[in-house]
Structures are given as structure tokens and as C-alpha cells.
Amino acid sequence: MRAAVLHEIGQDKLEVLDDVEAVGFGPGRVRIRVRATGLCHSDLSAMSGVLPQPAPFVPGHEGAGEILEVGEGVSHLKAGDRVVVCWLPACGSCPACKRGQTELCLAGFMNAGTPNFKRPGGDVFGFAGTGTFTEEVVVDAGCAVPIPDDVPFDIAALIGCGVTTGLGAALNTAGLEAGSSVAVIGCGGVGISVIQGARLQGAAEIVAVDPVLSRREAAVRFGATRAVSPDELPDAKQQITAGEGFDHVFEVVGKSATARTAYDNTRRGGTLVVVGAGAVDDFLQLNMFELFFDEKRILPSMYGGGDVLRSYERTIALWRAGRIDLAGLITHRVPFADVNEALDQMRTGTALRTCIEM
């Protein structure tokens, strides 16, 4: 079967090969025919080495498709079921799951060190234990979440990561109240989803911050009340908050520099929500006095900061009701053979989300 493979960390191109085989099928596992997959910035971060990932590997963790076969002991799925791929499934029995913090379950991460594929040259891993830039993938049954028939595969793929992460940061993590002032730094697919969540919560002012003009224009279409370049943020802060700072600032880039900017633009007693996934050696510097004196809350938001399955259901309900726009997030579509074009669209900021059509 075909799969897009990164041979070594640091390479910027994928090779589409036709000699890759999905492995690991057996009890408790399912085989999925991938029908659509989105490109998330985390895939680029894994390719560059910002996020740890063994190589060679198949990128992709934002996918949807159909069940081809189920292994022994899998009773809640059957061949033909439509599913979204969940890269962070909850085991249900670890301390985090028992506390109700299923997004902190480490069971899914344990799969990342086990090869999902093989080819004549040896083992191939799947990013985040999945790897959806492929025609078929074998995963734990918990990674396959059934979706209703009315949810298209491309929409379902977005729900698998970016939309759940962004909406959840606003709806679950921030504690955002109606009438709040909000700034969102980084307005790709996840940042736009944060903006939609802030609008749902009744934020009075939503300032989108991004260096790319097309993304700023898109942010306004999705609910931002103002969109500015990073250089224009100080003026927006002054005009909207009289210099005090925003009630809630969302960092959706994953860099210490933008996190520091987010902290500086959060009002005293306000909330900084860290959504972007950054590198282990990129340190955010804060002094002990400002931490004490400013009483700003710093809230990381892992995969939307809430129960993933409930978040999926909520997103589908909001989409059905027309309260959020998911189709509009897909600004580009490319055939699988042109996957490297999708990478370029993400790197340049041209695309909010590119759907790779399988």
C-alpha cells in the first residue's frame, strides 16, 4: 500500500512509497482504511525534531476512515463503521483517567515507540502511535471512535485534533466568561478554532494576532472582532483594554517568545492559556516576583483540556446546529501524491487546514 514516509528527522520532504505494510493487527486492534487526513503543525514539528518521534515514520494523526476488520475482543466496532482516529485514547483505568482527566492518559503515548508499519528496509513508526498519511493503518480499538453517517470524512478528520484542541482550550480550559476580552496569538486551524470557541462563550472582544495577512482575514470571518500583526498588538491592547491587558490570551504557536508575549499582554489576574506544542529545550523565563505580584494564571491545555470523546460529541452537535464552521477551515485540498505541496502550504501560512485526499 502507499504511505508517505520521512526517512530521517530534519528532512523537509516526504517520500510516497508503495511498499509499506501496516502491521500489528491482532486482539484489541483494528485496521482502518484512511479516507481523509488533515495536516497539523505538530506533524511538521515532529519532522523537524521539535517534537520527539522515532524515524523513519509516517506523519499524520488527524484522520478519518472506515473499519476494514476488527481483532478478537473488539465488540463495539465492526467492518464498515465510519471512525475518526483518536491519537490520545483513554485507557480508563490509570490515575489520570480515574480523576476524570482523560486527556492526560499516557496509554496512547506508549504506542508511539512501537512500529505501525514495515517495508523491505525495516520498521516504520507512525506519528503519535497512528500515522494517517497512508492508505491503511492498524491501531488500538480505542483509537477508532465511531462517527455518525452525516459527518463527512474531511470534517471528521479535523475533529480528530485541531478543532478539538482549539475549541477545548476556550470551552474547557480557560474558564472564559461572557463579555471577556481575548487575544489569540497564532491563527492557523487551531487558533481559528480557539476564536470560534471564544465567540461561543460570548467574548466581547476577540483579537487575532498573526503575521500572515490571509490568516488575519480568515480570523475575522470566523469571529474575531479585530485582527492585527504582532507589531500591532501593543496598540490593540491600549485601545481595547486601556493598556491593562486582556482577560484571556491564548498562545497557539508553541514557542517561548510568543508565550512571553502572551504573558505580557495578559492583565493582572487574567489567564494565559498555552495551546501550542513546543520543544523540550525551549524555556519560558518568568521571574518569581512577577509570578507572585501579577497573579496571572498560566493554564496549559492538552488536546483541549477535557474528555476527548465528550469533546468530539459536542463538536459534532455544534457543527450540526451551525454554531461553528468546520468546512471553512479546509482552505486547500491536495491528492495524496502531492502531500509535499500540503507541507509547503502549512509552512508558508497559506492554508488554515489542507485536506489530503486519500
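**Figure 1. Six strands of this predicted model form an open sheet with parallel pairing.** The strands follow the order S14-S13-S12-S15-S16-S17. At the edges stand strand S14 (226-228) and strand S17 (297-300), each of which pairs on one side only. When direction is ignored, neighbouring strands of this sheet are turned against each other by 20 degrees on average. One pair can be followed in detail: strand S12 (residues 181-185) and strand S13 (residues 205-209) run parallel and are joined by five bridges. Within this pair, Val184 has Ala208 of S13 as its bridge partner. For the student reader, it may be recalled that the strands of a sheet pair through backbone hydrogen bonds, in either a parallel or an antiparallel manner.

**Figure 2. An open sheet of four strands shows mixed pairing.** The order of its strands is S3-S8-S9-S5. Strand S3 (21-22) and strand S5 (57-58) are the edge strands; each has a single partner strand, so one side of each is left without a neighbour in the sheet. S3 and strand S8 (residues 117-119) run antiparallel and are connected by two bridges. In this pairing, Glu21 is placed opposite Lys118 of S8.

**Figure 3. Strand S6 pairs with strand S4 and with strand S7.** Strand S4 (residues 29-38) and strand S6 (residues 62-70) are paired in the antiparallel sense, and eight bridges link them. Here Arg33 stands opposite Glu66 of S6. S6 also runs antiparallel to strand S7 (residues 82-85), to which three bridges join it. In that second pairing, Gly65 faces Val83 of S7 as its opposite residue. In a regular strand, the side chains alternate between the two faces of the sheet.

**Figure 4. Helix H1 packs against helix H12.** Helix H1 (residues 41-48) and helix H12 (residues 339-348) meet at an angle of about 100 degrees, and their axes are 10 Å apart. The two helices, H1 and H12, are therefore roughly perpendicular to each other. H1 contributes His41, Leu44 and Met47 to the contact, while H12 contributes Leu343, Met346 and Arg347. Sorted by class, the residues in the contact of H1 with H12 are four nonpolar, one polar and one charged.

**Figure 5. Helix H5 packs against helix H11.** The angle between helix H5 (residues 162-173) and helix H11 (residues 308-320) is about 95 degrees, with 10 Å between their axes. This angle makes H5 roughly perpendicular to H11. On the side of H5, the contact is made by Val163, Thr164, Leu167, Gly168, Leu171 and Asn172; on the side of H11, by Ser311, Tyr312, Arg314, Thr315 and Leu318. The residues of the contact of H5 with H11 comprise five nonpolar, five polar and one charged.

**Figure 6. Domain 1 and domain 2 bury area between them.** The chain is divided into domain 1, which covers 3-161 + 306-357, and domain 2, which covers 166-300. The centres of domain 1 and domain 2, taken over C-alpha atoms, are separated by 27 Å. Their contact involves 19 residues from domain 1 and 22 residues from domain 2. About 1,500 Å² is buried between domain 1 and domain 2, and 58% of this area lies on carbon and sulfur atoms. The size of an interface is often expressed in this way, as the accessible area lost when the parts come together.

**Figure 7. Two loops contain notable backbone geometry, at Pro56 and at Ala128.** The peptide bond from Ala55 to Pro56 is cis, and its omega is near 0 degrees. Pro56 is located in the loop between H1 and S5. Ala128 has a phi near 55 degrees, which is a positive value in a residue other than glycine. The position of Ala128 is in the loop between strand S9 (122-126) and strand S10 (136-140).

**Figure 8. Thr258 is a residue of helix H9.** Helix H9 spans residues 256-264. When residues up to four places away in sequence are not counted, Thr258 touches Ile185, Glu251 and Val253. Thr258 and Gly65 lie 193 residues apart along the chain, and 35 Å separate their C-alpha atoms.

Key: Residues are numbered from 1 along each chain as its sequence is written. This is a predicted model: local features need pLDDT of at least 70, side-chain atom pairs count only at pLDDT 80 or more; totals for chains, interfaces and linings use all residues. Side-chain values use heavy atoms; hydrogens and water are left out. Two strands pair if DSSP finds at least two bridges between them. Axes are lines fitted to C-alpha atoms, for helices over the stretch in contact, and angles run from 0 to 180 degrees between N-to-C directions. Angles under 35 degrees count as roughly parallel, over 145 as roughly antiparallel, 65 to 115 as roughly perpendicular and the rest as oblique. Contact means heavy atoms within 4.5 Å. Ala, Val, Leu, Ile, Met, Phe, Trp, Tyr, Cys and Pro count as nonpolar, Asp, Glu, Lys and Arg as charged, and the others, Gly among them, as polar. Domain bounds come from an automatic or database domain assignment. Buried area is the accessible area (1.4 Å probe) that two parts lose on being put together, summed over both.
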